[in-house]
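Here's a quick tour of some charged side chains and who they pair up with. Have the model open while you read.

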Protein chains: 2
Amino acid sequence: MPQIDHVTITTVERTPTSLEKQIIPGGFCAIDNVWVSGVHSGFKHRNKDLALIYFPKGATMAGVFTKNAIESHHIKYDKKLLNEQATFKAIMTNSGNANTFNGEKGDADVKIMAETLANKLAIHPDEVLICSTGVIGVPMDLTNFDKKVAHLSHNLTDGDSIQAAEAIMTTDTTIKQKAIAFEIEGKPVHLAAIAKGSGMIHPNMGTMLSYIVTDLDLGQATLLQLLKEAVRQTFNKISVDGDTSPNDSVILASTNKISVNPTKQNILLFQERLTEICQMMAQEIVADGEGASKFVTVSVKGASSLSDAEGIAKQVATSSLVKTAIYGQDANWGRVLSAIGQAQPNYLDPSKIKIQFISKKGSILTCKGGQGLDFDEALAFEILSEKEITIDIDLGLGKSQIAVWTCDITEDYIKINADYRS
Amino acid sequence: MPQIDHVTITTVERTPTSLEKQIIPGGFCAIDNVWVSGVHSGFKHRNKDLALIYFPKGATMAGVFTKNAIESHHIKYDKKLLNEQATFKAIMTNSGNANTFNGEKGDADVKIMAETLANKLAIHPDEVLICSTGVIGVPMDLTNFDKKVAHLSHNLTDGDSIQAAEAIMTTDTTIKQKAIAFEIEGKPVHLAAIAKGSGMIHPNMGTMLSYIVTDLDLGQATLLQLLKEAVRQTFNKISVDGDTSPNDSVILASTNKISVNPTKQNILLFQERLTEICQMMAQEIVADGEGASKFVTVSVKGASSLSDAEGIAKQVATSSLVKTAIYGQDANWGRVLSAIGQAQPNYLDPSKIKIQFISKKGSILTCKGGQGLDFDEALAFEILSEKEITIDIDLGLGKSQIAVWTCDITEDYIKINADYRS
């Protein structure tokens, strides 16, 4: 009978240590010339539901949007503007109504929202980007919207962006906001982000929104390129294969206060920090999964290609049977194995597959050499009792690897989603 | 404001009317020279867990197996035998242990099972096919297996196959068995089937097994061809895109008692009946979905290609958000729409999409012309209160259409799967 291989203590870290030292308070308001507001305006029954990020001196912006074939009305609008120009002064977001699939009225309402805000702030409507998140197919009620925008504008502050982070939430249970400070060429650079997103994310992503602001002057083309790469490495690892809602939007804005030489090294340093802050947001979205009780990293290594690693990681991360087993703290590696096989990778040698469950409590190897190991079930249960779990899969074939993030699925997910609309 | 279009009464039928008249009792035992047994033998704590279908005069067999890259030990074994020969005398199935990923012992155990049964029945081990279903990666305990097989053989009956249908069950809550009689060229032809399968089926199919027996003499090659087509049209509509467990097996056996001219028309008639009986089994599997409270047909029509129709139907049928909305009896067509967009079909004109919810209580059109309709929520709730629901999607583009079957997802699904292994 095969024996337990070994037990090692491995720490699962969600925030890169390098970054933790750099975290500063205030969110967007840690950056000069960024004003923020969030108020209740009636899109939701209660709670804040209208958010504004205002750049009095303007900001260069780039955006990445959903690949869903059904696009919310705001997506078409924002994409067009971002193609035509680089500088904007405001991003306004409402939560509670997705303004999706609302016919001509949907398009008209985006314009009305932009015009109403522009009018209030004495800026041009084309300097405003609009985002919406919430229920699909319900026409927007813009009655007295000018008064609501007046209230929003009246509440602008440069103290902390937390009220905006709160106002973009839908079924989120946690406010997602982070700001970091670091140096490039000895100059202080800032990055701040807020995000919303809960839903099961994967395979049916609820709407995800994230806004990121920096003060580093890079130009729209570079901002877009860096944002795309950061999204690929972070948000796309929780929203897989185009499994996106009609409203998903990520916007990166720069106030352009800080200039550095655009050397490869400097750009790379900024890219790393940008990816890290996006990763924090992505992981907070997963950790806030509707009804989720555990944060799960699915790590696949030893794959013969990145696409095999990705396919397997995503299949395991989306498996309802794996997610329920994790919820039940059951080291049911057979379901992980089955999901690996379902992914139908180009190369797979079952006799080389190793599957480990890892948490702060230790790690346990469950199978190897084409068969299960006689592991300590009590220890496995203890390992899986932690809130952060890694499912570690070694295919033993090549050097390609990937990690994606997901959460478990609980009865609460069903309860939350069985009557979300009403 | 757009208005309700119309309300029509539509009946959702799960059993083709043509077939209902032909249903006869007895399962496999309605066919001559088929003996069946099912007993408890210790693979499960209690309940029957060992099934035998015995053909004393032999049967021609063909099989269709999982596409999962991880294959149970029995699959390799059965595939090899079915490639080498056409005639068999027995199919033995154990439930409770999948005999998957058990290394060399797993392969050896399949042989031991076949040899033990062959010894008892005084037939050749190569005349036995073996299937297993249950937990993955737990070595089989074949202690005293000869005594268990003796018990199994002692219980053989030609009265009714219900005990075998019961013995192949795992998390199933209903026995799945049907037999039909019909005529070809005035001669009486029979088809009988049993099946097991529950699990969410889709997207993470629990193991599915089905055995179908006929008395029509067709030859192995034709049996295989007809079985493949029937599986494509039925079981593959609930087990989509290779989302199969390592153990899925469907075997068609013929006692060859009845001969008819192998005209195109006769073959087609048999194909239709075979597909219908497979459809009944497939739909019973979905209806028995773990924790499911509703049987859901996702019908997509008006697609510009079959692959677009299929992609959309499967995306909607696998959407956890759609499944929870159906459970909540919430006509949340926005989630259906979002899933349509997620499927990223080649052609989609949002303004042409119509989404209806249909049940015995009526039908309600929820959106049209690129926007939601102001439908009667009370009626929608009443329609969705039925146990059988159709989500009817008209893309308004072409003539391709498909229907796939799924179930809702409830808290009970989570409970059942959170501790299945222990």
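Let's start with Asp172(A) and Lys176(A), whose side chains meet in a salt bridge at 2.7 Å, N to O. Keep in mind that this is a predicted model. The pair belongs to a network of salt bridges that links Asp172(A), Lys176(A) and Asp288(A). Asp172(A) has a relative accessible area of 7%, so it counts as buried, and Lys176(A) is buried too, at 0%.

Asp172(A) also turns up among the residues touched by Lys196(A), a list including Thr133(A), Thr207(A) and Ile285(A). Lys196(A) sits in strand S7 (residues 187–196) of chain A and is buried, with a relative accessible area of 2%. Its side chain makes a polar contact of 2.9 Å with that of Thr170(A). Both Lys196(A) and Thr170(A) are among the residues covered by the "binding site" annotation in the unreviewed UniProt entry.

Back to salt bridges: the count over all chains is 29. Here are three of them:

| Pair | Closest N to O |
|---|---|
| Asp172(A) and Lys176(A) | 2.7 Å |
| Lys80(A) and Glu84(A) | 3.1 Å |
| Lys105(A) and Asp109(A) | 2.9 Å |

What separates Lys80(A) and Glu84(A) in helix H2? They're four residues apart in that helix (residues 73–84), so about one helical turn lies between them. Lys80(A) is exposed, at 52% relative accessibility. Lys105(A) and Asp109(A) are likewise four residues apart, in helix H3 (residues 103–121) of chain A. Here Lys105(A) is partly exposed at 36%, whereas Asp109(A) is buried at 4%.

Conventions: Residues are numbered from 1 along each chain as its sequence is written. Chains are lettered from A and ligands numbered from 1 in the order in which they are written. This is a predicted model: local features need pLDDT of at least 70, side-chain atom pairs count only at pLDDT 80 or more; totals for chains, interfaces and linings use all residues. Side-chain values use heavy atoms; hydrogens and water are left out. UniProt positions are given in the numbering used here, feature names are shortened, and annotations may be inferred rather than shown by experiment. Helices (H or I, at least four residues) and strands (E, at least two) are DSSP runs, numbered from the N terminus. Buried means under 20% relative accessible area, exposed over 50%, partly exposed in between (1.4 Å probe, protein chains only). Contact means heavy atoms within 4.5 Å. A polar contact is a pair of N or O atoms within 3.5 Å; within protein, one must be able to donate a hydrogen and the other to accept it, and residues adjacent in sequence count only if both atoms are side-chain atoms. A salt bridge is a side-chain nitrogen of Lys or Arg within 4 Å of a carboxyl oxygen of Asp or Glu. Lists of a residue's contacts leave out its neighbours within four places in sequence.
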